[in-house]
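Reader: Could you walk me through this one? I'd like to hear what backs up each label.

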Amino acid sequence: MMTAPGSGRPGLYYPKMPSTWWLRHPAYFRFMMREVSSVFIAIFLVVFLVQVHQLSRGPDAYAAFLEMLRSPGWIAFHVVALAFALYHSVTWFNLTAVVQVVRVGERQVPPRLVAAATFGLWTVLSLGILLWFLLRS
Amino acid sequence: MSTRKTSEPFWWGLFSVGGVVAAFLVPVHLFLHGLAIPLGWISISHARMLALVGQPLVKAYLFLLIALPLYHWAHRFRFILEDVGFHSLRAPIAVASYASAVAGTLATLWVLFRF
C-alpha cells in the first residue's frame, strides 16, 4: 500500500470551488435538487410524527394541529415538499433501474423495462394507500 | 486508499433502504397527511384514526415509514454540506447527521409506544 510521505494516512484533495458551483450548469442544479429533496422529505416526516403524537394527545390537540396545517405557510410547504418527494421517486427509480441488473435466464432485462415495472408498482401502491384511506373516511 | 475499517457500509445500507421507502411511500403519505386530510378532502375522525394507529401492523408500518428515510436524509445532508465546501468539518458533520437520524428513530418509537 502506498502512503503519502510523512503521514500515516493519505490526505484527501479537495479542489477549491465556490459554494455555488451547482448553479453553473443545469445538470449540477438537478443533482443538487435531488440531494435537497431529502431535506424536504425529512421535514415532512418530522411534522407527520408530531401529527401522530397529537393524535395520541386527544381530539382537541389533534384538531388544533390540523388547523395549523391549514395555514397558507404549511400548505405552501407541503406543496413544495410534494414536488421534491416526487422528484426523489422519479430519480431514484430511474437510477436503480440502471444499477440493479435484472436477469431472466441468460438475458438482461432492459433497464427501461425495469424502470417501467417499478413505476407501475409505485402507482399501484400509491393508489392502493389512497383508496385504503378513502374507504375509511 | 485507506484500508481502515469504517461503519460506512452500514450507513450506506440504511441510506439505500431509506431511499426505497421514501420513493415508494412518501409522496402518497405527504399528499394525504400534509394536504388531503388537513384540508378536509378526506375526512377521518379522530376516533377512527386513533383506532387505526392502535393496530400493531400499522404501528410497525409507521415506524418503517418515518424512521428509515431519516437515514436517507442523514446521508444526503452530510454530503450536501461537504459539497458546498465544509470539508474541514467532515467528521463532525457525519456524526451530527447520523446522530440526528438515530434521535429521530428513538422519537418515533417513543411516539408510537404511547398508543
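Author: Sure. Chain B has four helices and zero strands, and from the N terminus on its elements run α-α-α-α. This is a predicted model: local features need pLDDT of at least 70, side-chain atom pairs count only at pLDDT 80 or more, and totals for chains, interfaces and linings use all residues. Residues are numbered from 1 along each chain as its sequence is written, while chains are lettered from A and ligands numbered from 1 in the order in which they are written.

Reader: What makes a stretch count as a helix in chain B?

Author: A helix is a DSSP run of H or I with at least four residues, and a strand is a run of E with at least two, numbered from the N terminus. Chain B has four of the former and zero of the latter.

Reader: How do you know whether chain B matches a compact globule of 115 residues?

Author: The globule rule is 2.2 Å times the number of residues to the power 0.38, with the radius of gyration taken over C-alpha atoms. That gives near 13 Å for 115 residues, but chain B has 17 Å, so by this rule chain B doesn't match. Its C-alpha atoms fill a box of roughly 55 × 25 × 20 Å along the principal axes.

Reader: Which residues of chain B does A:Leu45 touch?

Author: Not counting residues up to four places away in sequence, A:Leu45 touches B:Ile66, B:Pro69 and B:Leu70. These are contacts because the C-beta atoms, placed from the backbone, lie within 7 Å.

Terms used:
Two residues are in contact if their C-beta atoms, placed from the backbone, lie within 7 Å.
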